[in-house]
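Subject: Structure for your review

Dear colleague,

Please find below the structure that I am handing over to you. My findings follow it, arranged by topic.

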2 protein chains.
Amino acid sequence: MDQDLENIKVTLDVVCGKWKAVILLKLYEGNLRFGEIKRSIPLIKHQTLIKQLKELEQDGLLTKTTYPDVPPKVEYSLTEYGRHLKPLLDMMVEWGEVHSDQKTTS
Amino acid sequence: MDQDLENIKVTLDVVCGKWKAVILLKLYEGNLRFGEIKRSIPLIKHQTLIKQLKELEQDGLLTKTTYPDVPPKVEYSLTEYGRHLKPLLDMMVEWGEVHSDQKTTS
DNA sequence: CAGCATCCGTTGGGATACTG
DNA sequence: CAGTATCCCAACGGATGCTG
């Protein structure tokens, strides 16, 4: 029971960065290069993106593939874990939709 | 599509407080008084709990019922919204279980 | 193009003390 | 018993500048 609390914290840790969920959402559409992610999320800052990607990588949600070429090319792809998270993120999107509805309606 | 990002942020806002998910989890077991919540989450600080409860209330996830008696008695109960969130939280618990497994196994 | 190091400002969790 | 008012501090998102 209290184990539940520990478990949910693990998940929160992984998902609760300001942009983490957004990044993951993008990656479900396919592997992306750094620049592609950045372009698809115009508001995020270069450095912030790097940080969040690093955290996601350390949490085992995605893998970074570096091609040792010039110019550098790096591709990010989801791990199995990351994919396991999809239904969760979908639910969050869905819930947010309903909830923001409600807020404006009230 | 970009609307998804907005929607997920709404959900994150609601769930991402350090203790919010935990509090909600407790309330699924039934309505609770302030002191009961506090006792069931020993680590949380008095003031922190008040803040998180207030935020959850403002987000429309739970309702506060104050009995105008002495000594004060206050009961917290989930709204329909809060209940809608249960499957999500359950998934988070479940995912965290698997994920923390993996971390220790690696 | 992608990344690291560093600094800064805001925020939110936490501590303390007081009220009804 | 429950809540309010303040203050504090760490953490995180973000800005800037430099490297290969």
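I begin with a contact inside chain A. Glu55(A) and Lys20(A) form a salt bridge in which the closest N and O atoms are 2.6 Å apart. This pair connects distant parts of the chain, since Glu55(A) belongs to helix H4 of chain A and Lys20(A) to helix H2 of chain A, 35 residues apart. Over all chains, the count comes to six salt bridges. Please bear in mind that the model is a predicted one.

The interface between the protein chains

How many salt bridges are there between chain B and chain A? The count for this pair of chains is zero. Polar contacts do occur across the interface of chain B and chain A, where six residue pairs were found, both residues of each pair having pLDDT 80 or more. On the side of chain B that touches chain A, the elements giving two or more residues are helix H1 (2–15), helix H2 (20–27), helix H5 (80–84) and helix H6 (86–105) of chain B. Of these, H6(B) gives the most, with 13 residues. Sorted by class, this side of chain B has 23 nonpolar, eight polar and seven charged residues.

The contact takes 38 residues from chain B and 38 residues from chain A. The area buried between the two chains is about 3600 Å², and carbon and sulfur atoms give 75% of that area. Within chain B, the residues that lose the most area to chain A are Ile8(B), Tyr81(B) and Trp95(B), which together account for 19% of what that side buries.

The disulfide

A search of the whole structure finds one disulfide over all chains. The disulfide is formed by Cys16(A) and Cys16(B), with their sulfur atoms 2.1 Å apart. The link crosses between chains: Cys16(A) is in the loop between helix H1 (2–15) and helix H2 (20–27) of chain A, and Cys16(B) is in the loop between H1 and H2 of chain B. The angle about the S-S bond is -90°, and the link of Cys16(A) and Cys16(B) is left-handed.

The surface near DNA strand D

Which residues come nearest to DNA strand D? Of the 21 residues around the strand, they are Trp19(A), Lys45(A), Lys51(A), Gln47(B) and Ile50(B). The surface near DNA strand D has eight nonpolar, seven polar and six charged residues. At least two residues of this surface come from each of the following: helix H4 (46–58) of chain A, and helix H3 (34–40), helix H4 (46–58) and strand S3 (73–78) of chain B.

On the side of the nucleic acid, 60% of the atoms of DNA strand D within 4 Å of the protein belong to sugar or phosphate, and the rest belong to bases. For Lys18(A), an N or O atom of the side chain is 2.9 Å from a phosphate oxygen of DNA strand D. For Arg33(B), a side-chain N or O atom is likewise 2.9 Å from a phosphate oxygen of this strand. Gly35(B) instead places a backbone N or O atom 2.8 Å from a phosphate oxygen of DNA strand D.

Cis peptide bonds

In chain A, the peptide bond joining Val70(A) and Pro71(A) is cis, with omega about 0°. Pro71(A) is found in the loop between strand S2 (62–67) and strand S3 (73–78) of chain A. In chain B, the bond from Val70(B) to Pro71(B) is cis, with omega near 0°, and Pro71(B) lies in the loop between strand S2 (62–67) and S3 of chain B.

Yours sincerely

Key. Residues are numbered from 1 along each chain as its sequence is written. Chains are lettered from A and ligands numbered from 1 in the order in which they are written. This is a predicted model: local features need pLDDT of at least 70, side-chain atom pairs count only at pLDDT 80 or more; totals for chains, interfaces and linings use all residues. Side-chain values use heavy atoms; hydrogens and water are left out. A residue is near a molecule or strand if one of its heavy atoms lies within 4 Å of it. A polar contact is a pair of N or O atoms within 3.5 Å; within protein, one must be able to donate a hydrogen and the other to accept it, and residues adjacent in sequence count only if both atoms are side-chain atoms. Helices (H or I, at least four residues) and strands (E, at least two) are DSSP runs, numbered from the N terminus. Ala, Val, Leu, Ile, Met, Phe, Trp, Tyr, Cys and Pro count as nonpolar, Asp, Glu, Lys and Arg as charged, and the others, Gly among them, as polar. Contact means heavy atoms within 4.5 Å. Buried area is the accessible area (1.4 Å probe) that two parts lose on being put together, summed over both. A salt bridge is a side-chain nitrogen of Lys or Arg within 4 Å of a carboxyl oxygen of Asp or Glu. A disulfide is a pair of cysteine sulfur atoms within 2.5 Å.
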